[in-house]
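Hi,

Here is the structure I promised to pass on. Have a look at it first, and then read my notes below.

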Amino acid sequence: MDTFKLVRPEHLNHYGYLFGGFLLKWVDEIAWIAASRDHPGCRFVTVAMNGVEFHRGVHQGTVLRFSSREHTRGNTSVQYAVSVFCDDLESGTEEPIFSTCITFVRLDNEGNKIPLPMTP
């Protein structure tokens, strides 16, 4: 699943760059949406995000592309790989700026782990 975000003034830190917390929020949200769409009827919560390392600063007006795909699947959990790219709208090129894997666990209505449905 590919999703895009525009970096706006309210997303900037006091140095004029994208605040890392916004990027992490978007990555988590976008991966959750991908997992929920790929596994209808499953209630997922985030349990882990692998290594957080920002590769470059991002300025206001930048368009970010988030690419999210299922990476691994367990009994009660699923992990999604998310890569974020900075688009240059003038040249049409893009540069990777961040990547991670996020693990979600499936819960029932009482908050207990339950198995993922079998895949066809």
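**What I found**

Let's start with one pair you can find by eye: F85 stands opposite P96 in β5. Keep in mind as you look around that this is a predicted model.

That pair belongs to a longer stretch of pairing. Strand β4 (residues 77-88) and β5 run antiparallel and are joined by twelve bridges. The two strands make a hairpin, with four residues between them. Click on G92 in the turn and you'll find a positive phi of about 80 degrees.

Now zoom out. The protein has one helix and five strands, and from the N terminus on the order of elements is β-α-β-β-β-β. Its C-alpha atoms fill a box of roughly 45 × 30 × 20 Å along the principal axes. Of the 120 residues, 36% are buried. The accessible surface is about 7100 Å², and carbon and sulfur atoms account for 52% of that. If you take contacts between residues at least 6 apart in sequence, 66% of them join residues at least 24 apart.

How are the strands ordered in the sheet? The five strands form an open sheet, in the order β1-β3-β4-β5-β2, with antiparallel pairing. β1 and β2 are at the edges with a single partner strand each, so one side of each has no neighbour in the sheet. On average, neighbouring strands here are turned by 35 degrees against each other, if you ignore direction. A bit of background that helps when you trace this: strands of a sheet pair through backbone hydrogen bonds, either parallel or antiparallel.

The edge strand β2 is a nice one to follow. It pairs with β5 in the antiparallel sense, over five bridges. Two places to check are F44, which stands opposite R106 in β5, and M49, which has I102 in β5 as its bridge partner.

And where does the helix go? α1 packs on the sheet and touches β1, β2, β3, β4 and β5. The direction of α1 makes about 60 degrees with that of β5.

Next, the charged side chains. As a reminder, side chains of opposite charge can pair when their charged atoms come close. How many salt bridges does a search of the whole structure find? The search turns up four. Here are the ones I looked at:

- **D2 and R65.** Their side chains meet in a salt bridge, 3.2 Å from N to O. D2 lies in strand β1 (residues 2-6) and R65 in strand β3 (residues 63-73), so this pair ties together parts that are 63 residues apart in sequence. D2 is partly exposed, at 45% relative accessibility. R65 has a relative accessible area of 15%, so R65 counts as buried. There is also a third member here, as D2, R65 and E94 are linked in a network of salt bridges.
- **R56 and E95.** This salt bridge is 3.6 Å from N to O. R56 lies in the loop between β2 (44-49) and β3, while E95 is in strand β5 (residues 93-106), so the pair ties together parts that are 39 residues apart in sequence. R56 is partly exposed, with a relative accessible area of 34%, and E95 is partly exposed too, at 39%.
- **R8 and E10.** Their side chains meet at 2.8 Å, N to O. R8 counts as partly exposed at 41% relative accessibility, and E10 is partly exposed at 46%.

Last stop: the outside. Which residues make a nonpolar surface patch of about 250 Å²? That patch is made by M1, W32 and I33. W32 sits in helix α1 (residues 20-38). Is W32 buried or partly exposed? Its relative accessibility is 38%, so W32 counts as partly exposed.

If you want a route through the structure, begin at the β4 and β5 hairpin, move across to the β2 edge of the sheet, then turn to α1, which packs on the sheet. After that, look for the network of D2, R65 and E94, and finish at the patch made by M1, W32 and I33.

Happy browsing, and write back with any questions!

Key:
Residues are numbered from 1 along each chain as its sequence is written. This is a predicted model: local features need pLDDT of at least 70, side-chain atom pairs count only at pLDDT 80 or more; totals for chains, interfaces and linings use all residues. Side-chain values use heavy atoms; hydrogens and water are left out. Patches are made of residues with over 30% relative accessible area and no salt bridge: like charges are joined within 9 Å, nonpolar side chains (Val, Leu, Ile, Met, Phe, Trp, Tyr) within 5 Å. Accessible areas come from the Shrake-Rupley method with a 1.4 Å probe; for residues, only the protein chains shown count as cover. Buried means under 20% relative accessible area, exposed over 50%, partly exposed in between (1.4 Å probe, protein chains only). Two strands pair if DSSP finds at least two bridges between them. Contact means heavy atoms within 4.5 Å. Axes are lines fitted to C-alpha atoms, for helices over the stretch in contact, and angles run from 0 to 180 degrees between N-to-C directions.
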